[in-house]
Structures are given as C-alpha cells and as structure tokens.
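Let's take a walk through this model together. Have the viewer open and follow along from the broad outline down to single side chains.

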Amino acid sequence: FSSPGCPGELQAKLEVVAAAVGKVGLGVAIACFIALLVKWCVENKGFPIKQINNNGPVQVLMPHPLGAASGVSC
C-alpha cells in the first residue's frame, strides 16, 4: 500500500488516461467547430460578415448599432 501523501500506481495510470481523454475531447470539439464553420460558410456562399448578427447566436452577444436592443428608438 502507498502512504496518503504519495499517489499509488492506479492513481498514476488514471491521471494518464484522464489527460488522454481531455486531449481527445478537445480535438473533437475543435473538429466539430471547424466542420460547422465550413458548413455555415458553404450555406452562405462565403463568410458574410454582415450576416453574422442576423438571427444567430452572436445576436445575443453583439449590441444593435442603433441601440434598439436597449429600448432606444429613433
């Protein structure tokens, strides 16, 4: 048995497996993001900067240029 301060053999193996799972998960997340970005670019015939804020998830993060999101009307 190991002492409480030192990790055992099983703990060391689990740390290696956990690191590998994390790296694979990050790789899959990056691949999914790139695939969805390519799909979006194909559907919109390029990378239309003006359409990024039209009915998309970025609309919540980007304020409207005229302040309509804050309730100010022209």
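**A guided look at the model**

The protein has two helices and zero strands. Please keep in mind that this is a predicted model. Its chain counts 74 residues, and 3% of them are buried. About 6600 Å² of the protein is exposed, with carbon and sulfur atoms supplying 71% of that area.

Start with helix H1, which runs through residues 9-43 and so has 35 residues, as helices are taken here from DSSP runs. From its first C-alpha to its last, H1 reaches 51 Å, close to the 51 Å expected at 1.5 Å a residue. Once you pass the end of H1, look for Lys 45, where phi turns positive at about 55°.

Which residues does the UniProt annotation "transmembrane region" cover? The unreviewed entry gives residues 20-42, and such an annotation may be inferred rather than shown by experiment. In the model, the chain over residues 20-42 is 100% helix and 0% strand. The C-alpha atoms at the two ends of residues 20-42 are 33 Å apart.

Now move to the beginning of H1 for a charged pair. Side chains of opposite charge can pair when their charged atoms come close. Here Lys 13 forms a salt bridge with Glu 9, and their closest N and O atoms are 3.4 Å apart. That distance qualifies because the cut-off for a salt bridge is within 4 Å. Both Lys 13 and Glu 9 lie in helix H1, four residues apart, or about one turn of the helix. The count of salt bridges comes to one. Is Glu 9 buried or exposed? Glu 9 counts as exposed because its relative accessibility is 60%, and the cut-off for exposed is over 50%.

Finally, turn to the nonpolar side chains on the surface. Leu 26, Ile 30, Phe 33, Ile 34, Leu 37, Val 38, Val 42 and Phe 47 make a nonpolar surface patch of about 780 Å². One of these patch residues is Val 42, which lies in helix H1. Val 42 has 61% relative accessibility, and therefore it counts as exposed.

Key. Residues are numbered from 1 along each chain as its sequence is written. This is a predicted model: local features need pLDDT of at least 70, side-chain atom pairs count only at pLDDT 80 or more; totals for chains, interfaces and linings use all residues. Side-chain values use heavy atoms; hydrogens and water are left out. The expected span of a helix is 1.5 Å times one less than its number of residues. Buried means under 20% relative accessible area, exposed over 50%, partly exposed in between (1.4 Å probe, protein chains only). Patches are made of residues with over 30% relative accessible area and no salt bridge: like charges are joined within 9 Å, nonpolar side chains (Val, Leu, Ile, Met, Phe, Trp, Tyr) within 5 Å. Accessible areas come from the Shrake-Rupley method with a 1.4 Å probe; for residues, only the protein chains shown count as cover.
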